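Ready for some practice in reading a protein model? Work through the exercises below with the structure open beside you, and try each task before you look at its solution.

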Protein chains: 2
Amino acid sequence: MANDKKLVKAITARDEDFAQWYTDVVLKADLVDYSSVKGCMILKPAGYAIWENIMHELDARFKATGVENVALPLFIPESLLQKEKDHVEGFAPEVAWVTMGGNEQLPERLCVRPTSETLFCELFRDSVESYRDLPKLYNQWCSVVRWEKTTRPFLRTTEFWWQEGHTVHATAEEARERTEMMLNVYADFCRDVLAIPVIKGQKTDKEKFAGAEATYTIEALMHDGKALQSGTSHYFGDGFARAFGVQFSDKDNQLRYVHQTSWGLSTRIIGALIMVHGDDSGLVLPPHIAPTQVMVMPIAQHKPGVLEKAAEIRDALKAAGLRTKLDDSDKNPGWKFSEQEMRGIPLRVEIGPKDIEAGQCVLVRRDTREKTVVALDKAAETAAALLETIQADMLARAEAHLAAHFYDALNYDEFKDAAENKPGFIRAMWCGDLACELKIKEDTTCTSRCMPFEQEKISDVCVCCGKPAKKLVYWGKAY
Amino acid sequence: MANDKKLVKAITARDEDFAQWYTDVVLKADLVDYSSVKGCMILKPAGYAIWENIMHELDARFKATGVENVALPLFIPESLLQKEKDHVEGFAPEVAWVTMGGNEQLPERLCVRPTSETLFCELFRDSVESYRDLPKLYNQWCSVVRWEKTTRPFLRTTEFWWQEGHTVHATAEEARERTEMMLNVYADFCRDVLAIPVIKGQKTDKEKFAGAEATYTIEALMHDGKALQSGTSHYFGDGFARAFGVQFSDKDNQLRYVHQTSWGLSTRIIGALIMVHGDDSGLVLPPHIAPTQVMVMPIAQHKPGVLEKAAEIRDALKAAGLRTKLDDSDKNPGWKFSEQEMRGIPLRVEIGPKDIEAGQCVLVRRDTREKTVVALDKAAETAAALLETIQADMLARAEAHLAAHFYDALNYDEFKDAAENKPGFIRAMWCGDLACELKIKEDTTCTSRCMPFEQEKISDVCVCCGKPAKKLVYWGKAY
């Protein structure tokens, strides 16, 4: 079988070659396939099912804050993209252009959306008249296209899937609150569902979104000590509103510009899931996001009664609300185990003739391989509790890993040493000048990941130039 | 307020100008907005929420038959599109072409997918090796683009949203079964959820999908007697498999080509919802698909206790599992009623000071305007039952409308008379020749909608040429 063959060869060890390990896991856990379209990936059932669960979880959280879903066109006319100056400068170099429709040359080029601020502005302009129409809290689930030169599954692809939220408000204050609220939605989701702790902070001007007044970010730390920007939330002020003429008549009958936000999280986060939790046997999925939480594995399934008992366990677990499957294929148990491990299914239930005789089964955790022998009538209850334990333990391990990878740099030598020898976040003070940010990147390949919300003053001077420091910045190598 | 203003002017009467009535409903029920991208629509919250419910319902039905979701690229390289001859002939004239990525001319043009058979074939070729990998039952939810000259919201737009299922099987028989199974899923969904009865049948060669061996269709009848193709299911035989080299080694170790299907249903079905059930006050949504099933309307809401009681009712209805909202805006009740009616919310609950005194509230059906006075403690129970009654009544009315719009034509004069004077389906025998199909279209603008599964022989000869008849065909004018 196709999948079996791919599993025959073990994957690269994680600490031997992290990049190759990542590619191996992505392909052998059957998450994606490459396509004949350069830089575009195919989300296969195992990969899409994770994204489906992410959408489901986030969508409910968005709706709980009053957000409504919409769907806007895939195309943006060139003239529309050009209305906001910073925005077009940021995105024009990396868009795909449609120049022909059917057999005819188009009078105006259309770009395939790289993001949809411009289209949303047009919609807001047409649907907002009075303060009573505000706020508008919209979101869409879609794919976007950015023409990338080098690509890697999930982390950087020409087309990727995401949600983009766009809101307009009567006041700057309310828009700022929304920006922060959505960043918190992302951070809570990452922690509680993906078992990924994140750093919250603000991007420097260099790193912020094209057209934004401020960009906020959540940054996660991968196993190899590199950072991954995992979600962003932008405050636009009234910049786009002025460029697009989005006005409303306020309570005092004055015409005012709306204040705007946008926020997005993409399939990139699946890359984080892999690189935070995976191990030498493959993917390890946190139970709260795993499409299949428990795989029931009959041992010696040809023996009378084994398959029946395995199916009974599956049914009991399903009835308890656990996403459970039974692997009754004719592969041998070793194959089945390695397949289940490669795919990151959090819990395995082994049941064979001897277990049946003893009225028990064996629960095996994916994350620690720990085994629990349990009476058959306690299987569902124990499995449910174990899944919660696994979830909590995975978060605790990721938190410990994060906490162990902060390094304070009080001068430039310490910074360079950390950049070279200590993978993780480097905490260092910054004067606020672009020149220092560029020099640091040039010298060390580290970028400013964020100015964390929790500011401290670990030194009075900029780690790079020695001038008075303005902000504590977390720096790091990043995906 | 923007929306109020739009409601001030009543909509066109349905039987006065059906096309204008349709446009009025679509805009005033706030389902869509036009965009600056020619031929592309925006699905606004009220429109998208219907599509969301459609996706939710269909997705569960697909998964119950073993289908898995995937996501394939948005682009198809020109050389890939050209691999299957009939397919490219059908679609190439109506695709959008990406010719530039960033600032560079692409070495090969990419079309924006009009449908994804070619990409799925490539995926199947790469992931199927043995009979044990079969069947593959894949589906994706996405938008596709077909360059249309004239467009109308939902019915025909350059970009539209849909699902496209693609499956490959070891045998022709199994593939044929799947084609039929999915057509039945569509038909059952239309009947049970959308309250739309459909005719099931096979398309003639002229009307079938480009590259298909056979296309099956469900056809619905709109209020004006025109037909709307509402979902299709295609059997490809091994045509695509041969063009793309999708082979598997069978149980006897022989290499064989897979047998393939695809099936799709799109946002077009929302056009059917509008045109089957709508009336002079706007949209009428069947309760099973309505995003909001019940709107609670406080009367004289400034009076003490009214809003509190209205909120209590809303909470009770929500607790009973009904999708309920409370309209506590400061519009007057007349406005609120017409807005709720325009948006097609199936049930309204009126509650004012006198009702509270009498310990009752008033339930008003959207479809019949019938009022039911009910004790407050019976409101949820009665509303739940009423919603089911509305659903059943809407289906019964649509079925009666369909049954009343069949006309048998035994000769060409009868056919032309029916085409001119009797909107609906014309049942007439056909010799099977393309020439007659073309002549009928030329003479009457009627197209063959389908060769219904339930065949009868109402005459021995073709209604057009008088030669021996092969099939009973349902003909009609269509959207």
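**Exercise 1. Find how strand 22 of chain B is joined to strand 23 of chain B, then place the pair in its sheet.**

Step 1. Strand 22 (residues 447-452) and strand 23 (residues 471-476) of chain B run antiparallel and are joined by 3 bridges. Strands here are DSSP runs of E with at least two residues, helices are runs of H or I with at least four, and both are numbered from the N terminus. Two strands pair if DSSP finds at least two bridges between them.

A word on the model: it is predicted, so local features need pLDDT of at least 70 and side-chain atom pairs count only at pLDDT 80 or more, while totals for chains, interfaces and linings use all residues. Residues are numbered from 1 along each chain as its sequence is written, and chains are lettered from A and ligands numbered from 1 in the order in which they are written.

Step 2. Look for one bridge: B:Cys450 has B:Tyr474 in strand 23 of chain B as its partner.

Step 3. Now widen the view to the open sheet of 11 strands in chain B, with mixed pairing and the order 3-7-8-14-11-10-9-22-23-21-20. Strand 3 (68-69) and strand 20 (406-408) of chain B each have a single partner strand, so one side of each has no neighbour in the sheet.

**Exercise 2. Describe the smaller-numbered list of strands 16-15-17-18-19 in chain B as a sheet.**Step 1. These 5 strands form an open sheet with mixed pairing. Strand 16 (324-326) and strand 19 (371-375) of chain B are at the edges with a single partner strand each, so one side of each lacks a neighbour in the sheet.

Step 2. Strand 15 (residues 294-298) of chain B pairs with strand 16 of chain B in the parallel sense over 3 bridges. There, B:Met295 stands opposite B:Lys325.

Step 3. Add the helices. Helix 11 (residues 333-342) of chain B lies across strand 15 and strand 17 (347-351) of chain B, at about 175° to strand 15. Helix 13 of chain B touches strand 15, strand 17, strand 18 (360-365) and strand 19 of chain B, and its direction makes about 10° with that of strand 18. Touching means contact: C-beta atoms, placed from the backbone, lie within 7 Å. Axes are lines fitted to C-alpha atoms, for helices over the stretch in contact, and angles run from 0 to 180 degrees between N-to-C directions.

**Exercise 3. Work out how helix 10 and helix 13 of chain B cross.**

Step 1. The axes of helix 10 (residues 306-319) and helix 13 (residues 379-403) of chain B come within 9 Å and cross at roughly 55°. That makes helix 10 of chain B oblique to helix 13 of chain B. Angles under 35 degrees count as roughly parallel, over 145 as roughly antiparallel, 65 to 115 as roughly perpendicular and the rest as oblique.

Step 2. Name the residues that meet: B:Ile313, B:Ala316 and B:Leu317 in helix 10 of chain B, and B:Ala379, B:Ala380 and B:Ala383 in helix 13 of chain B. This contact has 6 nonpolar residues, no polar and no charged. Ala, Val, Leu, Ile, Met, Phe, Trp, Tyr, Cys and Pro count as nonpolar, Asp, Glu, Lys and Arg as charged, and the others, Gly among them, as polar.

**Exercise 4. Show how chain A and chain B meet and what relates them.**

Step 1. Each side of the contact has its share: 50 residues from chain A and 50 residues from chain B. Strand 5 (residues 96-101) of chain A gives the most to its side, with 6 residues.

Step 2. Strand 5 of chain A is joined to strand 5 (residues 96-101) of chain B by 5 bridges, and the two run antiparallel. One bridge pairs A:Trp97 with B:Met100.

Step 3. A turn of 180° and a shift of 0.0 Å along the axis lay chain A on chain B with an RMSD of 0.0 Å. That is the relation of a two-fold axis. The copies are superposed by least squares on the C-alpha atoms of residues with pLDDT of at least 70 in both.

Step 4. In chain A, the C-alpha nearest the axis belongs to A:Val98, 2.1 Å from it.

Definitions and conventions
Contact = placed C-beta atoms within 7 Å.
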